[in-house]
Amino acid sequence: MTFSLAIVGRPNVGKSTLFNRLVGRRLALVDDQPGVTRDLREGEARLGDLRFTVIDTAGLEEATDESLQGRMRKLTERAVGEADVCLFLLDARAGVTAADEVFAEILRRNARHVIVAANKAEGSAGEAGVIEAWGLGLGEPIPLSAEHGEGMPELYAALAPLAEGFEARAEAEAPETEVDVGENDLDAPRAITAEKPLQVAVVGRPNAGKSTLVNRILGEERLLTGPEAGITRDAIALRIDWAGTPMRIFDTAGMRRKAKVQAKLEKLSVADGLRAVRFAEVVVVLLDAAIPFEAQDLRIADLAEREGRAVVVAVNKWDVEEDRQGKLAALKEAFDRLLPQLRGAPLVTVSAKTGRGLDRLHDAILQAHAVWNRRVTTARLNQWLGAMVEAHPPPAPGGRRIKLRYMTQAKTRPPGFVVMCSNPKDLPEAYRRYLVNGLRADFDMPGTPIRLTFRSQADRNPYKGRKAPGPSKLRKHLGKN
């Protein structure tokens, strides 16, 4: 990416719609109500032959106090100061408002380069607003329609001369977005590099402290935080080198119980968080120490396990706990009892407010990732399978013995195994759990999802299901030979 472009303007002028058009995907949430975007979202934009980092910002509001709107404005002003180019977006149909004039002055003082664009300019309804935009003194306004894609050539013409001055920028400075976990590389663990960082999603219920935790890891107030529940709406991806480990951390919206998710906007936020889980390699389930392992916490952890992601359970707000030893013992007991499918996964206590326990969280993430990538040779697996069957033979439903013939590992991330056997449909679930628990204990794979599939050798028979030849065809075949 050669430069960064921040899209700024009043609420509901179409910033997120333009962001989505430039990145070519619906990454930012869009809704008719104002104030949907709260954090800074970054993406890789394409416009003609230009490649740049585009930043979607919260709507500029006149609040300057410590209210939610005031904190959102501070984040946006910070983006203005850091971006190479600011695209000041107006609503052509509403014309230039008093707030637009105030924010134009902020851009004149703080922005390196400013481009003015009048959105919603399709048709004749926006012509007057485009003419008014000349009065801001920030150059020729570009009429465009983010929704319909009009005005993109004019935007390209305005950006191209500026892009030439940023060509020396290294492409590595732009954040990677929407990078898959690499499930096509099934057999070898992927090395963690700056080009392919470890992808971590922080998930949990509203107000568990997810954004505060990510800010503490980053060492700066990069994400919007506060006492209000549900501040984060988009799943924000951030690049960081944490204690020597390149990472890409997703901060997600709080996930409430489905019955409580009524508003369209919150449904979009939760869906965005679920998408972050699917693109992550390690999922940190953040709990509130005061009310841990609520039903929704269990659903979120189970979701991560079902998606096949490595899981770390982190208990936040540990700094306010008094009986820490007793509380920790109770947490471990509840974890083993309520989440048996993740038994042995790392459980760490942290304080996002003070930063205590972050070193343990870092180590737990790397541990979970290493286990998630574990590979076991076929020879060891079959030696182990023989010992397991000898210690506890599979049942014989209807008097028919089920023979487990051999076993191999088919994939990693998470570990996936295949057992060839007779009558796999008759093998009870309890015996599958017996083998999975044995794999965890004997090959040091605590807590990670394990996929175990049973297949019949008959499935490999190319003639299975085909009708046997009749006597005439058989005689004809034998006559030819």
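Q: What makes residues 223-235 a stretch to read with care?
A: In this predicted model, pLDDT, the predictor's confidence in each residue from 0 to 100, stays under 50 over residues 223-235. The model still has 64 contacts for these residues beyond four places in sequence, a contact being heavy atoms within 4.5 Å. Where pLDDT is low, the predicted coordinates should not be read in detail.

Q: How do you know what confidence the chain has, and which element has the lowest mean pLDDT?
A: Happily, there are values for both. The chain has a mean pLDDT of 76, with 72% of its residues at 70 or more. Among its elements, helix α7 (residues 264-279) has the lowest mean, 51, and strand β12 (residues 347-349) the highest, 95. Helices (H or I, at least four residues) and strands (E, at least two) are DSSP runs, numbered from the N terminus.

Q: Why is R413 called buried or exposed?
A: Buried means under 20% relative accessible area, exposed over 50%, and partly exposed in between (1.4 Å probe, protein chains only). R413 has 2%, so R413 is buried.

Q: Why is K120 called partly exposed?
A: Its relative accessible area is 26%, so K120 falls in the partly exposed class. K120 sits in the loop between β5 (114-119) and α4 (127-133).

Q: What makes the backbone at R413 and P414 worth a look?
A: A cis peptide bond, with omega about 0 degrees, joins R413 and P414. R413 is not a glycine, yet has a positive phi of about 55 degrees. Most residues other than glycine have a negative phi, and most peptide bonds are trans.

Q: How are residues numbered, and which cut-offs apply to this model?
A: Numbering runs from 1 along each chain as its sequence is written. Local features need pLDDT of at least 70, side-chain atom pairs count only at pLDDT 80 or more, totals for chains, interfaces and linings use all residues, and side-chain values use heavy atoms, leaving out hydrogens and water.
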